[in-house]
Amino acid sequence: MDTCVKMIRRAVDADEFKKSPQVSEKLCDLALTQKVKAVLLEVAGMKVVNLDVERGIVHLSGSTISAAEKAECEKIILNIKGVSKVNNQLNVLPEDAEIF
């Protein structure tokens with residue numbers, strides 16, 4: 001356990017983690033990415049293949065089973081604190097598509 005703590009302390013003390021606007025922005029985006037993923041996991045049927053956050057803008061790509069689900073996904077994400085915009089590139093699958 002001590003070794004793990006020492007490794008984390010060394011990593012945090014590295015120049016890459018020194019406070020700067022770029023580092024703060026990246027950490028905020030990473031935290032927001034996890035928050036969005038967690039919220040989407042709570043909503044049944046919301047399966048986003050790709051999700052990325054850049055400066056508070058959530059980029060979605062992948063497939064969904066309906067236009068209503070696509071719209072609902074965007075609506076849910078827009079209500080998350082810190083999200084400024086959603087670039088929703090989700091594709092609606094045809095009704096006869098097989099879902100695995």
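Accessible area here is the Shrake-Rupley area, computed with a 1.4 Å probe. I began with that quantity for the chain, bearing in mind that the model is predicted: the chain exposes about 7,600 Å², and carbon and sulfur atoms supply 56% of this surface. I then looked up burial and noted that 23% of the 100 residues in the chain are buried.

**Entry: overall layout.** I listed the elements and found three helices and three strands in the chain, which follow one another from the N terminus in the order α-α-β-β-α-β. I also checked how far apart in sequence the contacting residues lie, and of the contacts with a separation of 6 or more, 59% are between residues 24 or more positions apart.

**Entry: the sheet.** I traced the strands next and found that the three of them form an open sheet in the order β1-β2-β3, with mixed pairing. The edge strands are β1 and β3, each of which pairs on one side only, and the twist from one strand to the next averages 10°. I then took the two pairings in turn. Strands β1 and β2 run antiparallel and are joined by five bridges, and within this pairing I noted that N50 has S61 of β2 as its bridge partner. Strand β2, residues 57-64, runs parallel to strand β3, residues 85-92, and eight bridges join them. Here I noted two positions in particular: V58 stands opposite V86 in β3, and H59 has N87 of β3 as its bridge partner.

**Entry: the turn between β1 and β2.** Which residue takes a positive phi in the hairpin of β1 and β2? I found that R55 does so, at a value near 55°, in a hairpin with two residues between its strands. I marked this down since R55 is a residue other than glycine, and I placed R55 in the loop between β1 and β2. Its relative accessibility is 59%, so R55 counts as exposed, the cut-off for that word being over 50%.

**Entry: helices against the sheet.** I followed α2 and saw that this helix lies across β1 and β2, running at about 145° to β1. Helix α3 lies across β2 and β3 instead, and runs at about 160° to β3. I also recorded that β2, helix α3 (residues 67-78) and β3 together make a right-handed β-α-β unit.

**Entry: the two faces of β2.** In a regular strand, side chains alternate between the two faces of the sheet. I went along β2 with this in mind and found that V58, L60, G62 and T64 point to one face and are buried, whereas I57, H59, S61 and S63 point to the other face and are not buried.

**Entry: the nonpolar core.** Which residues of the largest nonpolar core touch the most other members? Of its 15 residues, I noted V36, V58, L60, I77 and V83 in that role. At least two residues of this core come from each of α2 (21-42), β1 (50-54), β2, α3 and β3. In soluble globular proteins, nonpolar side chains tend to be buried together.

**Entry: V58.** I returned to V58, which is buried, and listed its contacts, leaving aside residues up to four places away in sequence. V58 touches V36, I77 and V83, and also L51, D52, V53, K85, V86 and N87. V86 in this list is the residue that stands opposite V58 in β3.

Conventions. Residues are numbered from 1 along each chain as its sequence is written. This is a predicted model: local features need pLDDT of at least 70, side-chain atom pairs count only at pLDDT 80 or more; totals for chains, interfaces and linings use all residues. Side-chain values use heavy atoms; hydrogens and water are left out. Two strands pair if DSSP finds at least two bridges between them. A crossover is right-handed if, with the strands pointing away from the viewer, the path from the first strand over the helix to the second runs clockwise. A nonpolar core is a set of buried Ala, Val, Leu, Ile, Met, Phe, Trp, Tyr and Cys residues joined through side-chain atoms within 4.5 Å. Buried means under 20% relative accessible area, exposed over 50%, partly exposed in between (1.4 Å probe, protein chains only). Contact means heavy atoms within 4.5 Å. Axes are lines fitted to C-alpha atoms, for helices over the stretch in contact, and angles run from 0 to 180 degrees between N-to-C directions.
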